[in-house]
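Biologist: Could you take a close look at one part of this protein with me? I would like to go through its aromatic side chains and what lies around them.

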Amino acid sequence: MNSNLRPIRLFILHPKALLVEWKGEPSFLMIKKLVLLKRALEKDAQVERITLAYNSLLLQLSKKIESKDFWREQFLVGL
């Protein structure tokens, strides 16, 4: 795992919206991994929209977020 991926921070902005942030300038490898992760998440039925930005990713879900830890694990494994 690339060192600039840690620490990631997760914020529940709404019962159905999760913001993931990371520090540092994204490396080329990090951007590649984020694009692949975004593609994988787009196939998840509960993910309605994904907005990928410079140092954050916003997930809008169809269901209420039950576990912040579940999503943290998804990002740590994916990145």
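How many aromatic pairs does the count come to? Please walk me through the surroundings as well.

Modeller: Happy to! Please keep in mind that this is a predicted model. The count comes to 1 aromatic pair. Its partners are Phe70 and Trp71, and their arrangement is edge-to-face, with 5.2 Å from centre to centre and 85° between the planes.

The two partners differ in how they meet the solvent. Trp71 counts as buried because its relative accessibility is 4%, under the 20% cut-off. Phe70 has a relative accessible area of 39%, so it falls between the 20% and 50% limits and is partly exposed.

Let's stay with Trp71 for a moment. Leaving aside residues up to four places away in sequence, Trp71 touches Leu10, Leu18, Leu41, Asp44, Gln46, Val47, Leu59, Leu61 and Ile65. Trp71 also belongs to the largest nonpolar core, which has 17 residues; Leu18, Val20, Leu59, Trp71 and Phe75 are the ones that touch the most other members. The elements that give two or more residues to this core are β1 (8–14), β2, α1 (28–42), β3, β4 and α2 (68–78). Helix α1 supplies the largest share, 4 residues.

Several of the residues that Trp71 touches also turn up in the strand pairing. Strand β2 (residues 17–22) pairs with strand β4 (residues 56–61) in the antiparallel sense, over 5 bridges, and here Leu18 stands opposite Leu59 in β4. Strand β3 (residues 47–52) also runs antiparallel to β4, to which 5 bridges join it. In that pairing, Val47 stands opposite Leu61 in β4. A hairpin of 3 residues links β3 to β4.

Another neighbour worth a look is Gln46, in the loop between α1 and β3. Gln46 counts as partly exposed because its relative accessibility is 21%, in between the 20% and 50% limits. Not counting residues up to four places away in sequence, Gln46 touches Gln60, Leu61, Ser62, Lys63, Phe70 and Trp71, so both partners of the aromatic pair are on its contact list. From Gln46 to Leu59 the C-alpha atoms are 9.9 Å apart in space, with their positions 13 residues apart in sequence.

For a view of another part of β2, try Glu21, which is found in that strand. With residues up to four places away set aside, Glu21 touches Pro7, Ile8, Arg9, Phe11, Asn55 and Ser56. The C-alpha atoms of Glu21 and Ala53 lie 9.4 Å apart, although the two are 32 residues apart in sequence.

Stepping back to the whole chain, the protein has 2 helices and 4 strands, and along the sequence they follow the pattern β-β-α-β-β-α. Of its 79 residues, 30% are buried. Among contacts with a separation of 6 or more, 53% are between residues 24 or more positions apart. The accessible surface comes to about 5200 Å², and carbon and sulfur atoms account for 53% of that area.

Finally, a word on confidence. The average pLDDT is 84, and 90% of the residues score at least 70. Over residues 1–5, pLDDT stays under 50, and the model has 14 contacts for them beyond four places in sequence.

How values were computed
Residues are numbered from 1 along each chain as its sequence is written. This is a predicted model: local features need pLDDT of at least 70, side-chain atom pairs count only at pLDDT 80 or more; totals for chains, interfaces and linings use all residues. Side-chain values use heavy atoms; hydrogens and water are left out. Two strands pair if DSSP finds at least two bridges between them. A nonpolar core is a set of buried Ala, Val, Leu, Ile, Met, Phe, Trp, Tyr and Cys residues joined through side-chain atoms within 4.5 Å. Buried means under 20% relative accessible area, exposed over 50%, partly exposed in between (1.4 Å probe, protein chains only). Contact means heavy atoms within 4.5 Å. Rings of Phe, Tyr and Trp (its six-membered ring) pair if their centres lie within 6.5 Å; planes under 30 degrees apart count as stacked, over 60 as edge-to-face and the rest as tilted. Accessible areas come from the Shrake-Rupley method with a 1.4 Å probe; for residues, only the protein chains shown count as cover. pLDDT is the predictor's confidence in each residue, from 0 to 100.
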